[in-house]
Amino acid sequence: RPSLSWPAQAAPSYFPSFTPAKSSFTFAAFPAASAASTNAEWSVAFDGERDYLLLPFIPNIRVISMWLFIAAVQSHTRVFLLDARLGNVEAYFSNFQAGRNWQQLHVNAVSKDVQWSSFEVGQWIHVILTSDSGISDDINVMSRIGAQHLDESVQYDNLRGSLAELSLWNREIFDFERGLMFQGITVVDFPMLEHLIAHYRLEEGEGRMVSDATGNIRRAMLSTTATWTNDLPVRVLTVAPNGTVTLGTVAPNASP
């Protein structure tokens, strides 16, 4: 389990249980050991064949954050987590290449190289991708662009796995915010909601339409074969006597 720490900074006023320390935050509100989830009840499983999530056209996307489970076995040699290529946009992310728009990758609140090998498979991970400039496009998630056209003669390099809670922002996410997301603090509790431009809680539990919790009415669409499931990311939080918090990710027994 990685031990996460943040540099000394003022504790966020909206989360009073934090107290600043020289090299870490102290989580006074948590017991010595506890388990937490994304505050969700549902996730969506994608079979890696024809499943996808299609986001509507959204302007000025700087950050995409999500809980992601990548299955250890895939149906295709090449698979896409994201794909957006309108005009000069290069915001795709696949197991063979990442588009030039993605400049930063954080996995479980830790900075990683912007490449597929930074992902751990077979377990839930929290992923944050940051662009160098605003992306304006409709984005295919868990597939290559075009999957929504259902052309049976074409393979769309669909990714087999699951998603829980996907959010889009129009500014970069700070270190302490990444830490809160990884702990499972729901993003709607954050103070910078004016920068949250779409938030898909994936809590419908049925159907194809996915609501945008921001009220911006940017509804997303699932493929007809995507499956609603109760498999959710769970983390174990351990607080040492000195206040250092160790966070580990535990995958559910059931997986796509």
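Between which two strands does the loop that holds Ser-223 lie?

## Ser-223 and its surroundings

In this predicted model, Ser-223 sits in the loop that connects strand E16, residues 220–222, with strand E17, residues 227–229. Ser-223 has a relative accessible area of 4% and is therefore classed as buried, the cut-off being under 20%.

The side chain of Ser-223 forms a polar contact with the side chain of Asp-51, at 3.2 Å. When neighbours within four places in sequence are set aside, the residues in contact with Ser-223 are Arg-50, Asp-51, Tyr-52 and Arg-208, so that Asp-51 appears both in this list and as the partner in the polar contact.

## Strand E7 and its partners

Strand E7, which covers residues 80–83, pairs with strand E8, residues 93–94, in the antiparallel sense through two bridges. Strand E7 is also joined by two bridges to strand E12, residues 140–141, and this pair likewise runs antiparallel.

Leu-82 takes part in both pairings: its bridge partner in E8 is Phe-93, while its bridge partner in E12 is Val-141.

## Confidence of the model

The average pLDDT of the chain is 78, and 70% of the residues score at least 70. Over residues 1–38, however, the pLDDT is below 50, although the model gives this stretch 92 contacts beyond near neighbours in sequence. Residues 251–256 likewise stay under 50 in pLDDT, and for them the model has 18 contacts beyond four places in sequence.

Where pLDDT is low, the predicted coordinates should not be read in detail.

Conventions
Residues are numbered from 1 along each chain as its sequence is written. This is a predicted model: local features need pLDDT of at least 70, side-chain atom pairs count only at pLDDT 80 or more; totals for chains, interfaces and linings use all residues. Side-chain values use heavy atoms; hydrogens and water are left out. pLDDT is the predictor's confidence in each residue, from 0 to 100. Contact means heavy atoms within 4.5 Å. Helices (H or I, at least four residues) and strands (E, at least two) are DSSP runs, numbered from the N terminus. Buried means under 20% relative accessible area, exposed over 50%, partly exposed in between (1.4 Å probe, protein chains only). A polar contact is a pair of N or O atoms within 3.5 Å; within protein, one must be able to donate a hydrogen and the other to accept it, and residues adjacent in sequence count only if both atoms are side-chain atoms. Two strands pair if DSSP finds at least two bridges between them.
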